[in-house]
Structure formats: C-alpha cells, structure tokens
Amino acid sequence: MAELAKAHKRLRRENASLRAGVDARERRVRELEAQIRALNQRRQEAGKRLDELIHRVGQLDAQLGAAVAGKR
C-alpha cells in the first residue's frame, strides 16, 4: 500500500510538472500568434503604402511628360 501511495504522489508531481510545461508553451504560442498578427498588419500597411507611392510616381511621371511636351 505504501508503494502505491508513493507512486501516486510521484505521478501527481509529474502531472503538475507536465501541466506547467503545457501552460508555458500555450502562453508562448499565444505570444507568437500576437506577434504574427502584428507583423501581418505591418506587412499589409507597407504594401498599401508601396501601392500609393507607385501610384504617385506614375502621376509625377505623367505630369513631367506633360510639362516636357508643353515646352516643345
């Protein structure tokens, strides 16, 4: 009976340790997922900004072309 009680205590400690490890990993996963969301948002914003800049360069190119053509 004493051996069974010892085994039970050992298994309870092991179970608690495993649960703590799982909890720590779950916290880390949540942190990484939050970082991924933030980085994806930054990527989307950078993509939009690049599109705006490309559009603006096109506008400036057209204005320059019109100005050069007007001087001829």
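Helices here are DSSP runs of H or I with at least four residues, strands are runs of E with at least two, and both are numbered from the N terminus. The model is predicted, so local features need pLDDT of at least 70 and side-chain atom pairs count only at pLDDT 80 or more, while totals for chains, interfaces and linings use all residues. Residues are numbered from 1 along each chain as its sequence is written, and side-chain values use heavy atoms, leaving out hydrogens and water.

**Exercise 1. Overall form**

Work out how the protein's radius of gyration relates to that of a compact globule of 72 residues.

Solution. Start with the secondary structure: the protein has 1 helix and 0 strands. Helix H1 covers residues 2–70. Next, take the radius of gyration over C-alpha atoms; the globule rule is 2.2 Å times the number of residues to the power 0.38. A compact globule of 72 residues would come out near 11 Å, but this protein has 31 Å. Then look at the principal axes, along which the C-alpha trace spans about 105 × 10 × 5 Å. As a last step, pick a pair of residues: Arg43 and Ala5 are 38 residues apart in sequence, and their C-alpha atoms are 57 Å apart in space.

**Exercise 2. Surface and burial**

Find what percentage of the 72 residues count as buried, and describe the surface.

Solution. Begin with the classes: buried is under 20% relative accessible area, exposed is over 50%, and partly exposed is in between (1.4 Å probe, protein chains only). By this scale, 0% of the 72 residues count as buried. Try the scale on Arg43, a residue of helix H1: its relative accessible area is 54%, so Arg43 is exposed.

Now turn to areas, which come from the Shrake-Rupley method with a 1.4 Å probe; for residues, only the protein chains shown count as cover. The accessible surface of the protein is about 7,000 Å², and 58% of that belongs to carbon and sulfur atoms. Leu50, Leu53 and Ile54 make a nonpolar patch of about 300 Å². Patches take residues with over 30% relative accessible area and no salt bridge, joining nonpolar side chains (Val, Leu, Ile, Met, Phe, Trp, Tyr) within 5 Å and like charges within 9 Å.

**Exercise 3. Charges and salt bridges**

Count the charged side chains, then locate the salt bridges and explain the spacing of their partners.

Solution. First, the count: Lys and Arg are positive, Asp and Glu negative, with His and the chain ends not counted. That gives 18 positive and 10 negative side chains, and the centres of the two sets lie 3 Å apart.

Second, the pairs. Side chains of opposite charge can pair when their charged atoms come close. A salt bridge needs a side-chain nitrogen of Lys or Arg within 4 Å of a carboxyl oxygen of Asp or Glu. The whole structure holds 3 salt bridges:

- Glu14 meets Arg10 at 3.7 Å, N to O.
- Glu31 pairs with Arg28, with the closest N and O atoms 3.4 Å apart.
- Glu52 pairs with Arg49, with the closest N and O atoms 3.4 Å apart.

Third, the spacing. Glu14 and Arg10 are 4 residues apart in helix H1, so about one helical turn separates them. Glu31 and Arg28 are 3 residues apart in helix H1, again about one helical turn. For Glu52 and Arg49 the separation is 3 residues, also about one helical turn.

Finally, check accessibility. Glu14 is partly exposed at 39%, and Arg10 is partly exposed at 44%. Glu31 has 43% and is partly exposed, as is Arg28 with 42%.

Definitions and conventions: Charge placed at Lys NZ, Arg CZ, Asp CG, Glu CD.
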